[in-house]
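Biologist: I am new to this structure and would love a guided close look at one part of it. Could you choose a residue, begin there, and then show me what surrounds it?

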Amino acid sequence: DIGGSAKGIVKSGDYIYITDSTTGLVIYNVRDINRPGEMGRCPLSGESGGIYVRGDYAYVAAGEEGLHIVSISDPDNPVLKYTYDSPGIAKNVFADNIHAIIADYNEGITILNITNPENPEFIKKFTTLSYAQVVYKIDNHIFVQDSGSRLEYIYMSDPSNPRSLGYYGMPYSLYKNVLRNKYAFIPAGESGLIIQDYFNTG
């Protein structure tokens with residue numbers, strides 16, 4: 001029992017990281033999957049949602065509060081290091097070793113430089129086709145699921161000048177997109193499975 005409503009979850013190594021709408025961040029040790037043990041908690045302001053773990057940091061989208069960056073180097077004692085007040089309503093986040101990309105809902109996506117995670121720097125805000133809800137990145141390609149049931153493809157070789165390559169639109173909700181190599185595998189409810197080549201969009 002994490003004490004609230006679980007919103008996001010990610011596994012990294014022997015740990016799972018859960019965001020909670022009221023508690024913040026909760027860490028569990030799942031080395032023994034039959035006996036998960038709670039490690040530490042980090043209270044966070046706002047409504048914590050999407051989470052991404054990279055190295056010693058957890059990046060937590062927190063709605064109108066923006067993006068929380070939490071040090072998880074000690075799983076027993078996670079510590080909030082920085083809160084970035086993004087322009088929109090942070091719903092989801094992706095992070096690699098250099099950039100964090102926030103699905104900023106009504107403001108599209110926000111790109112940050114996180115080479116120093118405890119002092120991120122703004123690079124660019126990019127307006128998406130509709131309200132951005134989920135974001136993921138492979139190589140120089142950003143994938144954004146929006147509120148209009150579309151998967152938009154954005155090219156980001158230059159983070160200060162991303163450009164849209166097109167989108168795949170459907171008249172029903174997207175549930176979860178699985179991205180492998182150059183394909184998006186999209187479970188689409190009663191319509192089955194859609195396999196989209198994201199180098200051939202439009």
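Modeller: Happy to! Let us begin at aspartate 139, which is exposed, because its relative accessible area of 63% is over the 50% cut-off. Please keep in mind that this is a predicted model. Aspartate 139 sits in the loop between β13 and β14, and its phi is positive, about 55 degrees, although the residue is not a glycine.

The two strands beside that loop belong to an open sheet of four strands, ordered β13-β14-β15-β16, with antiparallel pairing. At the edges are β13, residues 132–138, and β16, residues 163–169, each of which pairs on one side only. From one strand to the next, the twist averages 20 degrees. As background, the strands of a sheet pair through backbone hydrogen bonds, in either a parallel or an antiparallel way. Inside this sheet, β14 (residues 141–146) and β15 (residues 150–155) run antiparallel and are joined by five bridges. One partnership you can look for is histidine 141, whose bridge partner in β15 is tyrosine 155.

Now let us move from the sheet to the nonpolar core. The largest one has 26 residues, and those with the most contacts inside it are Tyr59, Leu67, Ile109 and Ile142. Both β13 and β14 are among the elements that give two or more residues to this core, alongside β6 (57–61), β7 (67–71), β9 (92–95), β10 (99–103) and β11 (109–113). The largest share, four residues, comes from β10. There is also a second, separate core of eleven residues, which includes Ile51, Val53, Ala58 and Val70.

Isoleucine 109 is a good place to pause in the main core. Leaving out residues up to four places away in sequence, isoleucine 109 touches Ile101, Ile102 and Ala103, and its contacts also include Ala132, Ile142, Val144 and Ile154. Asp104, Lys124 and Lys125 are among its contacts too.

Two other loop residues make a nice comparison with our starting point. Tyrosine 105 lies in the loop between β10 and β11. The phi of tyrosine 105 is near 50 degrees, again a positive value in a residue other than glycine. Tyrosine 105 is partly exposed, because its relative accessible area is 21% and buried would mean under 20%. Serine 86, in the loop between β8 (79–84) and β9, is buried, with a relative accessible area of 4%. Apart from neighbours within four places in sequence, serine 86 is in contact with Gly66, Ile102 and Asp104. Ile102 and Asp104 also appear among the contacts of isoleucine 109.

Let us step back to the chain as a whole. It has zero helices and 19 strands, and 48% of its 202 residues count as buried. Among contacts between residues at least 6 apart in sequence, 34% join residues at least 24 apart. The accessible surface comes to about 9900 Å², and 44% of that belongs to carbon and sulfur atoms.

Finally, a word on confidence. The average pLDDT of the chain is 85, and 81% of the residues score at least 70. One stretch to read with this in mind is residues 171–178, where pLDDT stays under 50 and the model has 23 contacts beyond four places in sequence.

Technical notes. Residues numbered from 1 in each chain as written. Predicted model: local features only at pLDDT ≥ 70, side-chain atom pairs only at ≥ 80, totals over all residues. Heavy atoms only, no water. Buried < 20%, exposed > 50% of the residue type's maximum accessible area, 1.4 Å probe, protein only. Contact = heavy atoms within 4.5 Å. Areas by Shrake-Rupley, 256 points an atom, 1.4 Å probe, with all protein chains shown as cover. Pairing = 2+ DSSP bridges. Axes fitted to C-alpha atoms, helices over the stretch in contact; angles between N-to-C directions. pLDDT = per-residue confidence, 0-100. Core = buried A, V, L, I, M, F, W, Y, C linked by side-chain atoms within 4.5 Å.
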